[in-house]
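These exercises go through one structure, each with a worked solution. Try each task before reading on.

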Amino acid sequence: MTTPLTLIPGQQPDGSALLTVVGEIDTTNTAALGEALDGIEGPLVVDLTGVEYLDSAGLSTLFAHSDRIQLIATPLLEPVLAVSGITELVTVHGLTGGG
Amino acid sequence: MPSHDTDDERAVGAGSGVFAADAEVGPDLARVDWSRTPLGPPDRWPQSLQTAVSILLSSRFSMWMAWGEELTFFCNAAYRRDTLGQKYPWALGRPASEVWAEIWDDIGPRISTVMTTGEATWDEALLLFLERSGYSEESYHTFSYSPLRDDDGAVVGMLCVVSEETERVIGERRMTTLRDLGSDPSVVRTEQEILAFADQQLSRNPQDLPFTLTYLFQPDGSARLRGSNGMSADHPAAPAVLPPGGGVWPVTAASDGESLLVPLEGAPFTGLPVGGWVRPPEQALVMPLLQQGDTPYGFLVAGLNPFRVLDDGYRGFLELLAGHISAGIASARSYEAQQRRAEELAELDRAKTTFFSNISHEFRTPLTLIMGPLDELRTEFADGDPRVREELEVAHRNGLRLGKLVNTLLDFSRIEAGRMQATYEPVDLSLLTAELASVFRSAVEKAGLAYDVDCPPLAEPVFLDRGMWEKVVLNLLSNALKFTFEGSVRVTVGAEAGHAVVTIADTGIGVAADEVPRLFERFHRIENARSRSNEGSGIGLALVKELIGLHGGTITADSVEGEGTRFTIRLPFGTDHLPPESVAPLRDTRAPSSANTYLQEALRWLPDDEGRPPVPHLGTDPSADLSVLPDVAARVLVADDNADMRDYLTRILTGAGYRVDTVEDGAQALEAVRAQAPDLVVSDVMMPELDGLSLVGRLREDTRTASVPVLLLSARAGQEASIEGLHAGADDYLVKPFAAAELLARVRANMELARLRNHQARWRAALVDSLQEAFFVCDENGAVIEINAAFTDILGYGPEELPYQPIHPWWPDADDDAVAHDQVAAAFSLLTGHARGSYTIPVSHRDGHRLWVTAMFSEARDPDTGSQVIVGTFRDVTAEHYAIQRESAQAALGMRLNRATSLPEALMGALTELRDVWNAERVLAVVRREGREPEVTSTDPDLTWQDLPADRREEFTAWLGRPPLTAVSDATGTGITVNHPEGPMVLHIRLGENRPFTDEDQLLLSLMAGQLAQALVRAHQIDQQRETAIALQRAILGPSHLPEGFAVRYEPATRPLEVGGDWYDTVTLTDGRIGIVVGDCVGHGLQAATVMGQLRSACRALLLQDAGPAKTLMALDQFAAGIPGALCTTVFCGVLNPETGELTYSSAGHPPGILARPDGTTTLLEQGRSIPLAVRPGRHRPEASCVVPARATLLLYTDGLVERRRRPLTVGIDQAGEVVRNGRDASVDDLATQVMARLAPLNGYDDDVALLLYRHPAPLEMTFPAESSQLAPVRKALRSWLAQCNLSPQTVQSVLVAAGEACANAVEHGHRDAPGESVRLRAEALVDALHLTVADSGRWKKPQPHLNTHRGRGIGLMHALMQQVTITADTTGTTVAMHTRIA
């Protein structure tokens, strides 16, 4: 049984691709997340504002697409993102002092 | 005596296993109808009785025991054999008082002492009159009575270990009598004195000798009473004279040499003395006093001990007594005879002296009449029968010698009477002296000596009596030749200061400086000087001096011992010094008149022409044909320096049938006797080298030759009394001349006497051998040189290997048993420098078994040799020693077992005691409880079953299957099986290198094991009772399982109770809330605990009805009012919501709870308070509520924690609050420990203390299957728990992620290695920190980011998000422990 996760593909106001993720990302549902990311070509903004939990499995999936994604996240996820180093590769919006 | 019931076959059924240990007594015990005894059938006997019977039967030591209200009798095979006699098997199962009815007055009180006090008794050699052989018997017993206890430890019986000592005690008593009898200090006694002394000694043993009578035969065949002991003088059984042929006692049988047992019944025997008893003798033994080769001297009547049978030992003792009295009579009579003879000899000597001093011319006539015809016969038979010629030569030589002696004595008489007729002629001194000297030339040269005669002519003549001068020169030359064995003899003549000087010098043996002045004394002889002959009278030099004195001259002697002697004669020239009437002109020279006599004598000293020695050495008479003599012919050794005398004696003795050896002096005699002791020595008194008196002395000094009889011969009379010879120790003394018949009579008599004396030696040997103690004699170096038969019996070492040099072979081995060896060495060192002493030491029997002996010794002087010796005895005290050892070991074990408060403690104590008793390296016990691996208890505390080598484990396992009290042993030690209440047990003792474990040790081990088995049963019962009590106490004390987040402590004031008046309780209610109660009943101890138990249960029940704290306490008021002792109980009662921390509470007069907040402040829960329970039942109680914040700590307690004398309660409360505040970093359980420790008074709590702590929230504890689907629910639960902890969202997120990573890892490993295994997560909030633990059963990979990026990243995340991460992996799984501060 996988942890429930809601994945909503959409578009930014500027027309660029957007994936809104709601729920908890853990090792049981990273495959679904990966599929969703694979299903969208080109630059992509992943909105993690509705994500209450993100572990290293989820981070790995995000790392796999780090060359074309940007993230939107709340400060709740900031320590995990910072510690993983993904903030160095990917632009993260919504963090304190972030863009 | 009632007969034994043997009717049935019911016997060997139930319970016979108890008796299986012994095949002899066991079946008889099994046949006893035990159901008729108070003990009942054996299968219902308690363990303790079975144990005692097992010990009894398996022992080879003599034992009996009594058990139960009637003291029912049991015994083993050894006791049956040694003591019980005809009472077996009747005695088995009977009351002890019936079995031993005849001695119950003696032993009953002892047994009742044991039964009432539980203390053992010890009696040594107690006299008891047993009736075991059909009569009342004097017997002695050394025994101990030890208490026997039942399974509850009460004394219900007694065990007697006994050794019968009858033989020893009676043997010692008889020995003492024999010793006293032989201790007569005086050497010579009259018959009457000897008999009186014997009576006096015999009277000291009235037990064996109630009375004795000694009758001696008169010449007419009647017997006269000469000694009596114990009997009144006028008793009809002791008439003064018994007529020949009979009377009261059997005179005829005794005179025929027969012993007779006389029953003492009827007329003359009424009213006999009782001696040492209460009854007179019933029999008397009449024994002849035997005389060697003749009718008995008389007879001894001995009244017999009515309490002993006349066995071989008794009879032997009495015969020794009679033998001793006979020997005493013999010695007294022979002494009287000897004394008469010595007096006669002295009289004879006096007569001889008178005879010699009055000797007259008459003597010469018969001598001449002998010598004349002799000379004629010699001429006639010069070519005749050699035997006749030889006899004639002997007669002739001795005739000459006798003539010379007679002449010399006549000269003396003349000189003394002033009747010496001298004629002084002017003589050429040089010429005359040279002539005289030339007479001796041949003899001197034959002796191999240089002869230097230097006699130059003098200027003037010297006036001499020729005859006298001849005697002077010949005497001196004869003397020189006699004492010179090598070198030269020198004669010189010269002149000096108006004197002619003549010297005669030799290089002979010389004389000692102190002897020189006495050389010229009449009859003085230099003793023991080495010479060619000891012939001579000791008057030669005296005569020389007298003769020179008549010439107005002087003679002096210069001598150096070992170099030679020089005599110097000075004679004045002229005639002024001479009586004028005696001076005459020179007459014709004539041949020296007596020169031939001197020469003949001298030549006899020298070897003959064939070079044969002058005297035969140790030769027998060649004419005697030894082969025809009987083998039994007695051997006589003849020692005489005179060859004729040797020949003469040999002829006489050989003719009488003796075998004769001859030697020529005392030294040779001594050598010959030492080589082979003859039956008699006949010795001349005066001999060269070693004279006869010295020979006797030397023979007597040496034990080997001391008993050889010596007959001395001497021609000596006058100055020395012949009695001197007897004083020197000679057996007889015969003066020459003697008749052949007289010599033979003396020889025969002395051989008889010697046989008597040998009887004395045999007497001593019999005395020593009949000692029941080992007897030994040590010389001054400690070597054992004599032992008796008992010594061999006790130690196994016989006389054939004597002497035993120290270190004696019976010393314990220095390597195997150093302790025992040192004990003996220390005792042995006492031997020197102490006149007497006694000590008890261990020794080894020849076969190796250990003995304990009491050694007694004293210094003595050997009467024969005069050397210092040590005589001693060993008494075998092994049984006593071990009895004492058993007593003390059992007492010590008993002490230890009594002190033990639990089964393991009892067992450990016993092991320690066993180790101490045997000084063992290690003692261990192996117990196998049902269905469990055997368990080891050891004096070596770390030893476990698995530590033992596999072969040892196998051996122990095999032993565990054997019946209880079976001895077991192996190469490393010895052991025994014991019944442990929880299963079979083996005790094993490792003694160490080669230490022996004797039968005695085995017995002691069995006894101690039996004692231990009983104690273990008792301890087991006590343990069970205590466990029950503790379980009950715990049941009333509080919940066995506490909800999470709580910690409790309880300290009762009254030990060893584990409960008191205080209590705590937690009750989980149906809605998840938790009821909390802390209460305190008045008082402590069991009384308070019973009240507390009831209140606690009631309170719990009320809370479960969801009553709420105030309502609960109000209901409890009503309840407590009905319970005595419940009044004024204080209670804190609360209900906690563990989710929210909300607490509702009410207090019945209880000290306030303390709430310590995470910010460091404390609040007292002082609301909701009212009076203690049952003071006003029905009164309303208030209730309050508060919230226990996240990470706050609640402390509830009873006043014992904080209340101290002379100190306000608030001080204690503040102190408790402070300890809680300071325990921020401690888990709640650690904090409870800290509170109890910090608040404890110096000497511990003196009141009950109950303590309850709660920290909010309670730790989270989850266990879930290792499946990834579990991750989300776990995360949810953790998130919810974290919410209760009041943390920042960031901290919550970090903890969630770190925990999530750890769980994900655990799941992955769980899937991989063991699907379905569970993972455990625990989270605990301290005040300032948070602990997380995730544990699984798998092994993690090392982080390898390049291979598995996100897993490696997971561990990185944990480290980054938490302050401390520890990952511990072992075979059982992996644990991740994480810690972060949350201030």
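**Exercise 1. The interface**

How much area do chain A and chain B bury between them, and what percentage of it is on carbon and sulfur atoms?

Solution. Before the answer, note the conventions. This is a predicted model, in which local features need pLDDT of at least 70 and side-chain atom pairs count only at pLDDT 80 or more, while totals for chains, interfaces and linings use all residues. Residues are numbered from 1 along each chain as its sequence is written, chains are lettered from A and ligands numbered from 1 in the order in which they are written, and side-chain values use heavy atoms, with hydrogens and water left out.

Step 1. Take the term: buried area is the accessible area (1.4 Å probe) that two parts lose on being put together, summed over both.

Step 2. For chain A and chain B the value is about 1,700 Å², with 58% of it on carbon and sulfur atoms.

Step 3. Of the area that chain A buries against chain B, 30% is supplied by Tyr53(A), Ser56(A) and Leu76(A), more than by any other three residues.

Step 4. Count the residues in contact, that is, with heavy atoms within 4.5 Å: 22 in chain A and 20 in chain B.

**Exercise 2. Charged and polar pairs**

State how many salt bridges the rule finds across the interface of chain A and chain B, then describe the one made by Asp26(A).

Solution. Step 1. A salt bridge needs a side-chain nitrogen of Lys or Arg within 4 Å of a carboxyl oxygen of Asp or Glu.

Step 2. This rule finds three salt bridges across the interface of chain A and chain B.

Step 3. Asp26(A) pairs with Arg1275(B), at 2.8 Å from N to O.

Step 4. Polar contacts have a separate rule: a pair of N or O atoms within 3.5 Å, where within protein one must be able to donate a hydrogen and the other to accept it, and residues adjacent in sequence count only if both atoms are side-chain atoms. Six residue pairs between chain A and chain B are in polar contact, both residues at pLDDT 80 or more.

Step 5. Locate the side of chain A that touches chain B: the elements giving two or more residues to it are strand E3 (44–54), helix H2 (56–64) and helix H3 (78–84) of chain A. H2(A) gives the most, with five residues. Helices (H or I, at least four residues) and strands (E, at least two) are DSSP runs, numbered from the N terminus.

**Exercise 3. Chain A as a whole**

How many helices and strands does chain A have, and in what pattern?

Solution. Step 1. Chain A has four helices and five strands.

Step 2. Along the sequence, the pattern of chain A reads β-β-α-β-α-β-α-α-β.

Step 3. Buried means under 20% relative accessible area, exposed over 50%, and partly exposed in between (1.4 Å probe, protein chains only). By this rule 51% of the 99 residues of chain A are buried.

**Exercise 4. Helix H32 of chain B**

Why does the distance between the ends of H32(B) agree with its length?

Solution. Step 1. The expected span of a helix is 1.5 Å times one less than its number of residues.

Step 2. Helix H32 of chain B (residues 1271–1284) has 14 residues and so should span 20 Å; the end C-alpha atoms are 20 Å apart, which agrees.

Step 3. Arg1275(B) is among the buried residues of H32(B), which also include Leu1271(B), Leu1278(B) and Trp1281(B).

Step 4. After H32(B) comes Asn1286(B), in the loop between H32 and helix H33 (1289–1313) of chain B. Asn1286(B) counts as exposed, at 56% relative accessibility.

**Exercise 5. Unusual backbone values**

Where are the cis peptide bond of Pro1257(B) and the positive phi of Arg1206(B) placed?

Solution. Step 1. Recall that most residues other than glycine have a negative phi, and most peptide bonds are trans.

Step 2. His1256(B) and Pro1257(B) are joined by a cis peptide bond with omega about -10°. Pro1257(B) is in the loop between strand E44 (1249–1255) and strand E45 (1260–1265) of chain B.

Step 3. Arg1206(B) has a positive phi, near 50°. Its loop runs between helix H29 (1199–1202) and helix H30 (1209–1222) of chain B. Arg1206(B) is exposed, with a relative accessible area of 82%.
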